[in-house]
Each structure stands twice: as C-alpha cells, then as structure tokens.
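Please open the model in your viewer and keep the selection panel at hand. The stops below can be followed in order, each one beginning with something to select.

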Amino acid sequence: DYDQLYSAFDHAASGWLAPPANAVDLANGYDTRYLLSFGPFNIDPGESLPIVFAYVAGDKLHSDCNAFSTLFNAYAPSTFYNQLDFSDLVLNSTWASFIYDNPGVDTDENGYCGQYMICGDDTVYFSGDGIPDFRIPVLPNAPPLWLEPIPGGIRVRWNGLISETVKDRITGIHDFEGYRVYYTRKDIISYNLPASYDIEDYWIYVWKDGLFTWQKNELPMTGENLYTLYGIDDPMLFTEYNPFVYHDTLFYFSPVDLNNSDLTNPAGIHKLYPGMPYPSTLDPSHATAVELTKEGNFKYFEYVYNIENLNPSWEYVVAVRAFDFGMASMEIPALESRLYDNAQNAFPGAPTDVDDEMDNPLPADFVLYQNSPNPFNASTRIAFDLPHRANASLLIYNTMGQLVREIDLKEKTAGSHSVVWDGSDNGGHATASGIYIYTLKVGNFETSKKMVMLK
C-alpha cells in the first residue's frame with residue numbers, strides 16, 4: 001500500500017493497481033477507516049490472551065493550518081505532502097516498536113531475532129522478530145565514579161567502559177553519544193550543568209524519489225566515517241537545499257547533538273590518559289598492566305572534570321550521566337551520583353548556588369529540556385534554563401488538555417534548574433500510563449514538550 005494522499009495518483013506504470021473509482025475521496029481523507037484483525041488464536045480454558053496495539057502521534061506534522069485547502073491537489077499531492085514534517089511521528093513510531101518488540105530478542109525462541117546489519121565486527125539489530133515483548137531490557141550496573149578534593153573545588157573522575165561498550169537496552173546496538181556532568185547543593189534540587197561532551201556524529205537524510213521526500217537513516221554516522229565513506233570533510237556544508245550527490249543519490253546531514261567532541265580542553269571534560277590507545281581486550285583480567293589504573297579500570301575510558309569555586313561549608317551532590325542518540329536526552333545508563341561533604345575537607349572556595357552573580361556563564365534564553373528518562377516509570381527529571389531571576393511554574397497536561405499537575409517552582413535565580421515529577425496528580429494520586437505534555441511558564445513565556453509514562 002502507499003500513502004492515502006496518493007490514492008488518485010496513477011502508479012499503474014510502476015506495477016500498482018489502478019486508482020479505485022472513489023480515489024479522489026480517499027485522497028481527501030473521506031474514508032480513513034481500517035479493519036484490524038488478530039489471530040486466530042487457540043486459547044485453552046482458564047488462559048487469557050493480552051492483545052495490545054498503539055496509536056502513535058507526532059508533534060508539528062503541520063506547520064500551516066491552511067495548507068490543505070490551499071495546496072492539496074489529489075492528482076499532484078506532492079506539493080502538500082512535502083511541507084509536512086513526519087520526523088516526530090517517525091521517531092515515536094520507532095521507539096514504540098522498539099519497546100513492544102525488542103530488536104535482537106528471540107521471544108518465541110524459533111531462532112529468528114529480527115532484521116540486522118553488519119557494522120564492522122558487530123551485528124546490529126534494528127527491528128524485532130515480530131513477536132511483542134512489552135518490556136525494556138535490564139540496565140547495566142552504574143560504572144564507578146570518584147570525587148577528589150582540589151583547591152576550591154572537586155575533581156570528578158569516572159570510567160566509561162560500560163557506557164561506551166554495553167549495547168543499548170532497547171535497540172541492542174552500541175549507540176553511546178556522550179556525558180553530562182551535574183552538581184548541586186545537597187539541600188537544593190536545581191542542578192547545574194557545567195560541562196558536557198558528545199561524539200561528532202550526524203543523522204543522514206536520503207532523498208526518496210518514489211515518496212518525494214527526505215528519509216532519515218535509522219543509525220547516525222560519525223564524522224570520521226562520513227569522510228572515509230563519502231570523502232566529506234565538513235558535513236554541515238550540505239543541507240536539503242544544497243545536498244551532497246553520491247552515485248546519483250542525494251544526501252544531507254544534521255548533527256545528532258551539539259558535537260562538542262573536544263577532549264583536549266583541560267577546562268572541560270577531558271581524558272585522564274589522553275595518549276592511551278584503545279584496549280587490546282575489554283576483559284580486565286586479560287589486559288596488560290599499563291592499560292589499567294590502580295583500581296583495575298581501563299585507562300582509556302577514564303575521564304575527569306574539575307568543578308571549581310565551591311563553598312567549603314556546603315555539601316554537594318555530583319552526578320555524571322551517559323546518554324545515547326536514541327532520544328535527544330535519554331540519559332542511559334546513569335553513572336553514579338555521589339554526595340560530597342566539602343566541610344570535611346575544609347578547602348577555600350566561593351558559593352556555587354545558581355545566582356545572577358555566579359562566575360559560570362548564564363543561559364542566553366529560556367530553554368526547556370526533554371525529560372529524562374523518557375519513557376519513564378515512577379518518576380522523571382525535567383530540566384530548564386532561565387536567563388534571569390523569575391517566578392516559574394511547571395504545568396503537566398494529559399492528551400485531552402486537562403491539567404494533571406501544577407508545580408509552583410517559586411522564584412528561581414538565573415541558570416540551570418531541574419525538578420522531579422513523581423507521576424502524581426494535584427490530588428497526590430498516581431497517574432496512568434500514557435503521553436503527557438509538560439509546559440514551563442515564566443511570566444508571558446511558555447514552552448512545552450511531551451513525555452511518555454510506561455508502567
């Protein structure tokens with residue numbers, strides 16, 4: 001089948017059936033009913049058979065509410081079709097399919113684990129076996145994190161072996177993207193984000209002649225591999241209006257994250273052993289002594305970041321998060337969060353509570369980040385930036401537009417903050433699984449994102 005918009009467009013020359021008599025009505029959305037059938041199934045007495053299906057929606061599909069009336073032509077639908085944005089719908093559909101049918105998981109034990117591709121030495125599964133799993137694979141244990149005193153601050157050191165080598169819990173592929181460092185005072189829930197790192201990689205968009213649209217590849221590609229495969233030195237030179245041509249196919253590229261991949265700056269996240277090559281083995285018991293730290297961890301995966309200008313009389317909570325490219329801010333797995341008691345070390349410093357007078361750069365604008373984790377079960381953290389001191393509130397709605405929870409954040413100073421929603425409504429009752437919209441409101445400014453609760 002092809003898109004309903006093209007029902008009146010004659011594809012007979014390509015081997016399709018000729019358009020039906022009511023093709024124009026179908027293309028105009030006259031009849032969008034579908035018959036869904038399941039089975040047959042053999043159910044023994046006393047047994048039950050759960051059947052689950054999902055409606056998947058996408059945000060910002062339409063950018064012009066008058067486009068259908070002004071642009072649509074049943075016999076030339078591409079003009080209307082090409083101004084639709086399916087990216088959010090595709091992303092949601094992909095993640096829904098991954099959750100319900102884990103790639104690489106042989107649920108019915110018939111030897112088939114789903115479709116895959118070979119990437120180097122890895123077999124990468126990108127679809128399931130067609131048998132629903134309704135589960136998310138177990139997260140690996142958190143890698144070690146050390147906090148060490150330095151004059152006026154804390155040195156944060158962690159080992160990323162697990163984050164960078166363990167496969168994604170949903171997709172079953174190695175999709176490590178980077179790290180973010182957070183810290184806050186013990187008595188304040190608003191976290192600072194002083195540093196982040198992410199590898200240089202790009203989404204690849206390919207022009208599909210038959211669909212008259214761009215299609216994003218399921219897996220991104222590193223900048224190094226782009227140059228090796230296509231001879232591209234700067235992928236950002238190519239856009240959908242100035243595409244790259246390779247073997248008569250059109251491509252353009254967009255960064256997966258910020259591509260803040262510099263690990264040589266000592267003021268940012270950097271390697272503790274910058275000259276250490278990739279390990280000869282990932283099994284510490286078979287590694288050489290020069291490859292390991294005194295704790296027995298691989299030096300190659302050792303990272304460090306210095307948090308400076310701390311008050312010696314305050315306690316701080318420090319956390320490092322690893323995140324992948326599956327979703328913009330899905331930070332998995334969580335490395336370890338540690339409480340650091342500066343008072344016991346008694347070294348001099350300055351206050352670090354997010355303040356208008358702080359030394360760290362302040363945000364230039366209001367920003368609402370994607371909640372993490374997402375999807376989530378019991379609770380999720382929502383982060384946001386304020387360019388100046390202001391009263392703020394967080395409003396959470398269901399898909400019917402009904403207010404579920406209002407969180408008065410009171411007056412917040414300029415900087416980065418976060419709040420945890422425990423999944424309860426204004427009455428303290430647990431909410432149901434589903435899609436929710438969360439809105440940051442600061443004066444006349446409002447911005448929203450959506451999140452998914454899965455129980």
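A residue is called buried when its relative accessible area is under 20%, exposed when that area is over 50%, and partly exposed in between, using a 1.4 Å probe and protein chains only. Helices (H or I, at least four residues) and strands (E, at least two) are DSSP runs numbered from the N terminus. This is a predicted model, in which local features need pLDDT of at least 70 and side-chain atom pairs count only at pLDDT 80 or more, while totals for chains, interfaces and linings use all residues. Residues are numbered from 1 along each chain as its sequence is written, and side-chain values use heavy atoms, with hydrogens and water left out.

**Stop one: strand 20 and its partner**

Select residues 415–421, which make up strand 20, a mostly covered element in which six of the seven residues are buried. Now add residues 380–386, strand 17, which pairs with strand 20 in the antiparallel sense over seven bridges; two strands are said to pair if DSSP finds at least two bridges between them. To place one of these bridges, pick Arg381, whose bridge partner in strand 20 is Val420.

From here, go to Val367, which is found in strand 16 (residues 367–368) and counts as partly exposed at 28% relative accessibility. Its C-alpha atom is separated by 4.9 Å from that of Asp385, although the two residues are 18 apart along the chain. Leaving aside neighbours within four places in sequence, Val367 is in contact (heavy atoms within 4.5 Å) with Ala383, Phe384, Asp385 and Leu440.

**Stop two: an open sheet and a nonpolar core**

Select strands 3, 4, 13 and 12, which form an open sheet in the order 3-4-13-12 with antiparallel pairing. Strand 3 and strand 12 (270–271) are the edge strands, each pairing on one side only. Inside the sheet, seven bridges join strand 4 to strand 13, and Arg157 stands opposite Val304 in strand 13.

Which residues have the most contacts inside the largest nonpolar core? That core, a set of buried Ala, Val, Leu, Ile, Met, Phe, Trp, Tyr and Cys residues joined through side-chain atoms within 4.5 Å, has 22 residues, and those with the most contacts inside it are Val156, Trp158, Tyr179, Ile269 and Ile307. Among the elements that give two or more residues to this core are strand 4 (153–159), strand 5 (176–185) and strand 13 (302–308). Apart from it lies another core, of 21 residues, among them Phe384, Ala390, Leu394 and Trp421.

Centre the view on Ile307 and show what surrounds it: beyond its neighbours within four places in sequence, Ile307 is in contact with residues including Ile150, Val156, Val181, Tyr183 and Val318.

**Stop three: salt bridges**

Side chains of opposite charge can pair when their charged atoms come close. The structure holds nine salt bridges, each being a side-chain nitrogen of Lys or Arg within 4 Å of a carboxyl oxygen of Asp or Glu. Select Asp88 and Lys450, whose closest N and O atoms are 2.4 Å apart. Asp88 lies in helix 4 (residues 87–100) and Lys450 in strand 22 (residues 445–453), so the pair ties together parts that are 362 residues apart in sequence. Asp88 is itself buried, with a relative accessible area of 17%.

Next, select Glu148, Arg155, Arg157 and Glu302, which are linked in a network of salt bridges. Within this network, the closest N and O atoms of Arg155 and Glu148 are 2.7 Å apart, and those of Glu148 and Arg157 are 3.1 Å apart. Is Arg157 buried or exposed? Arg157 is buried, at a relative accessible area of 6%, whereas Arg155 counts as partly exposed at 25%.

**Stop four: aromatic rings**

The structure holds 31 aromatic pairs, where rings of Phe, Tyr and Trp (its six-membered ring) pair if their centres lie within 6.5 Å, with planes under 30 degrees apart counted as stacked, over 60 as edge-to-face and the rest as tilted. Select Phe72 and Phe80 for an edge-to-face pair, 5.9 Å centre to centre with 80° between the planes. Then select Tyr179 and Tyr303, a tilted pair at 5.0 Å and 55°. Tyr179 lies in strand 5 and Tyr303 in strand 13, so this pair ties together parts that are 124 residues apart in sequence.
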